Amino acid sequence: MNENAKKILIVEDEVRSCLISEHQENELIDEEINQLLQQFNLEDRRFQSIDSLSGGQKQRLLIACLLARKAPYLLLDEALAQMDPKAIKEFVSL
C-alpha cells in the first residue's frame, strides 16, 4: 500500500476501536458492535466510509462510541443540532 494513501475509516472500525480501547474481550466485541449499530440505526452503514455519513449519522456514531466506552456520564452540547425530525425522535427514544 502506498505510504501516502489515506486509510478509509468505516463505521464498524470506529466502534471497534472504542471497544478495544476499553479492553473488551475479543469474542464480545462483534456482539457489542452489532448491538450499538442496531441501537443507533447504523447497521446498514456498517461498511460505509465515515466521511460519507450525514451530520446526524456522524453524531449518532459518536454517541455510540461514547457509550461503548462505558462512561458513567454523558454530557451533550447541541446533540440534536444536525439531525432531521425523524432522527431526533429516534434519538430521544434511546
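Begin by selecting Leu66, which you will find in helix α3 of this predicted model. With a relative accessibility of 31%, Leu66 counts as partly exposed. Keep Leu66 selected and add Leu62, Leu67, Leu74 and Leu76, since these residues together form a nonpolar patch on the surface, and their accessible area comes to about 390 Å².

Now step back to the whole chain. Colour it by secondary structure and you should see four helices and zero strands, so that, reading from the N terminus, the order of elements is α-α-α-α. The accessible surface of the protein chain amounts to about 6,600 Å², and carbon and sulfur atoms hold 52% of that surface. Of the 94 residues in the chain, 31% are buried. If you display contacts between residues with a separation of 6 or more, 53% of them join residues that are 24 or more positions apart.

Next, go inside. The largest nonpolar core has 21 residues, and the two members that touch the most other members are Val15 and Leu61. To see where this core comes from, select α1 (11-21), α2 (26-39), α3 (55-68) and α4 (85-93) in turn, for each of these helices supplies at least two of its residues. Helix α3 gives the largest share of the core, with five residues.

Which residues does Val15 contact, once its neighbours within four places in sequence are left aside? Centre the view on Val15 and show Ile33, Leu36, Leu37, Leu61 and Cys65, with each of which Val15 is in contact.

Cys65, having come up among the contacts of Val15, is a good residue to select next, together with Cys18. Cys65 is buried, with a relative accessible area of 4%, and Cys18 is buried as well, at 5%. Why is there no bond between the sulfur of Cys18 and the closest cysteine sulfur? The sulfur of Cys18 lies 3.3 Å from that of Cys65, which is too far for a bond, because a disulfide requires the two sulfur atoms to be within 2.5 Å. Seen from the other side, the cysteine sulfur closest to that of Cys65 is the one in Cys18. By this rule the count of disulfides is zero.

From there, move along the chain to Met83, whose place is in the loop between α3 and α4. Is Met83 buried or exposed? Its relative accessibility is 8%, and therefore Met83 counts as buried. Leaving aside neighbours within four places in sequence, you can display the contacts of Met83 with Gly56, Gln59, Arg60, Ile88 and Phe91. Add Gly55 to the view and draw a distance between the C-alpha atoms of Gly55 and Met83: these residues are 28 residues apart in sequence, yet 7.0 Å apart in space.

For a last stop, select Asn41, in the loop between α2 and α3. At a relative accessibility of 35%, Asn41 counts as partly exposed. Its backbone deserves a look too, because most residues other than glycine have a negative phi. Asn41 is not a glycine, and yet its phi is positive, at about 55°.

Methods
Residues numbered from 1 in each chain as written. Predicted model: local features only at pLDDT ≥ 70, side-chain atom pairs only at ≥ 80, totals over all residues. Heavy atoms only, no water. Core = buried A, V, L, I, M, F, W, Y, C linked by side-chain atoms within 4.5 Å. Buried < 20%, exposed > 50% of the residue type's maximum accessible area, 1.4 Å probe, protein only. Contact = heavy atoms within 4.5 Å. Areas by Shrake-Rupley, 256 points an atom, 1.4 Å probe, with all protein chains shown as cover. Patch = residues over 30% accessible without salt bridge, like charges linked within 9 Å, V, L, I, M, F, W, Y side chains within 5 Å. Salt bridge = Lys/Arg side-chain N within 4 Å of Asp/Glu carboxyl O.
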